[in-house]
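Hi,

Here is the model we talked about, ready to load into your viewer. My notes on the strands and one loop follow below it.

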Amino acid sequence: MSRAHDPLHERIDELLIDRAVLGIDEAAERELHQLDPRGATEAAHEFEAIAATAHLAFAAERPKALPREMRERLLAGIRGNAASRATVQSRAPAAWDAEAAIVNRPPIRIVSSRADFDEAPPTRLGGFFATLGWAVAAAAVLVLAFTTTSLNAPTSRGGGGGIAVAPIVGPVEQRQQLIDGAADVVVTHWSATPDSTIAGISGDVVWSQSRQAGYLRIAGVPANTPTEAQYQLWIVDPIRDPKHPIDGGVFDIAATGETIVPIDAKLRIDGPTLFALTLEKPGGVVVSGGPLLAVAKL
Amino acid sequence: MNVELIRRMAAGDALALETSIDEFGGLVWSLALRFCRNRADAEDVVQQVFLDLWRGAGSYREELSSPETFVATIARRRLIDWRRSRQRRGAPVSLEAAFDVAAPDAEQAWASSDEVRRAIGLMQGLRAEHRRVLELSLRDGLSYPEIAEMLGVPLGTVKSHARRGMMELRAAMVGGAA
């Protein structure tokens, strides 16, 4: 009897497929072990590879690049704790001997099963990653990200004014004063989200971390009726809480053309990575329920 | 060459691990972000995947899989672990992750590799209903009951589609000798 028509092997294959697709619970694992005490290792790996192949195809439909700040965090972890010989020579002494880390690295074992893989003894690099204060690393890298962004946006910086007496000015002038006067101003541009109803949005966001101030400049967005709905700005700050964007204030668009709105962050912003625009009920909301219309990524 | 890159990692070359972040980072991030739908969790998964890659590079067998499939397999193990460790339903979905998932980045080298093109070709050969269930489970991390609810079909049908889809893929990958 072929494996395909053998009920025992069919059931084993079912369990192995389910495990490869989404994992199985303890009861199913016990059943699998009872049916095939040897572990069906070869077939298990085969289905895992099939699942991985399919997942590759799906991921390629909307390929993403590793965000720069995350790449820097990963590299910082490696360089700071298990750096290569070359890297170590070009840096100040690390907290511990990186070359020794490589020498002391446990020998690579041939992994024959999932259990083997998971039970591999932690390397010193692994220990580092396991204990790394993610937020601490993120903070350091985001400082770098801001610096880089500023340097890459020379058009956002003015020459500096020398204003002796600050006159009463409107949002346009206030925005320009921020750009001219704050050394850490970053600029990012709006992009409509794929399903947005405001595909024609243009404009930018300027933000100064040191001053905790910034401005939206928006055009191409339809006027809202304030008694029915208002636009609301959200600020994603992973250092604070990536799951809960910070309310950046509500505002109205009264007419076509360009609108400049001061950012009204309700909390201190430590490391913004994205500004998002939604349409909410009048007065705004605590947790966004409106459609995500546009974003400006740092 | 990515095969050589994995060999170097197996030999303990930490520079190769750095290089692997550039070579495979986009791939792993793409897998994790869509599956987790939460940027912070996806970042944790990516970190763990590269640690696993460093630890497990010595297990790579060129004759059995491409480097991309090897990395994706490691990533999937971590994603399944992540899924198991939390109650997925009701998990927070950040605005940022929602946008990131929806918008592809500029053309990524990993997405045009021979292995990925082969994978896309295999998936195109699947029956639509099998492909859809695998898409929702493998890519989006939805459970069979969640998929059944979403598609409005019995749970048994979802399981059947997933299993038959996987068997179809196996048959295709070994040249029709299922």
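Asp204 of chain A sits opposite Arg217(A), a residue of β4(A). Keep in mind that this is a predicted model. That pair belongs with a longer match: β3(A) and β4(A) run antiparallel and are joined by 7 bridges.

Zooming out, you get an open sheet of 4 strands in chain A, paired antiparallel in the order β1-β3-β4-β7. The edges are β1 (185-189) and β7 (259-262) of chain A; each has a single partner strand, so one side of each has no neighbour in the sheet. From one strand to the next, the twist averages 15°. Helix α10 of chain A, residues 171-181, packs on this sheet and touches β1, β3, β4 and β7 of chain A. The direction of α10 makes about 125° with that of β4(A).

Have a look at the loop between β3 (202-208) and β4 (213-219) of chain A too, which is where you'll find Gln212(A). Gln212(A) isn't a glycine, yet its phi is positive, about 55°. Is that residue buried or exposed? Neither, quite: Gln212(A) counts as partly exposed because its relative accessibility is 24%, and buried would need under 20%.

Then there's β9 of chain A (residues 292-297), with 5 of its 6 residues buried. Strand β8 (residues 274-280) of chain A runs antiparallel to β9(A), with 5 bridges between them; Phe275(A) has Ala296(A) as its bridge partner there. Strand β2 (residues 191-192) of chain A is also antiparallel to β9(A), through 2 bridges, and Ser191(A) faces Val295(A) across that pairing.

Cheers

Conventions:
Residues numbered from 1 in each chain as written. Chains lettered and ligands numbered in written order. Predicted model: local features only at pLDDT ≥ 70, side-chain atom pairs only at ≥ 80, totals over all residues. Heavy atoms only, no water. Buried < 20%, exposed > 50% of the residue type's maximum accessible area, 1.4 Å probe, protein only. Pairing = 2+ DSSP bridges. Axes fitted to C-alpha atoms, helices over the stretch in contact; angles between N-to-C directions. Contact = heavy atoms within 4.5 Å.
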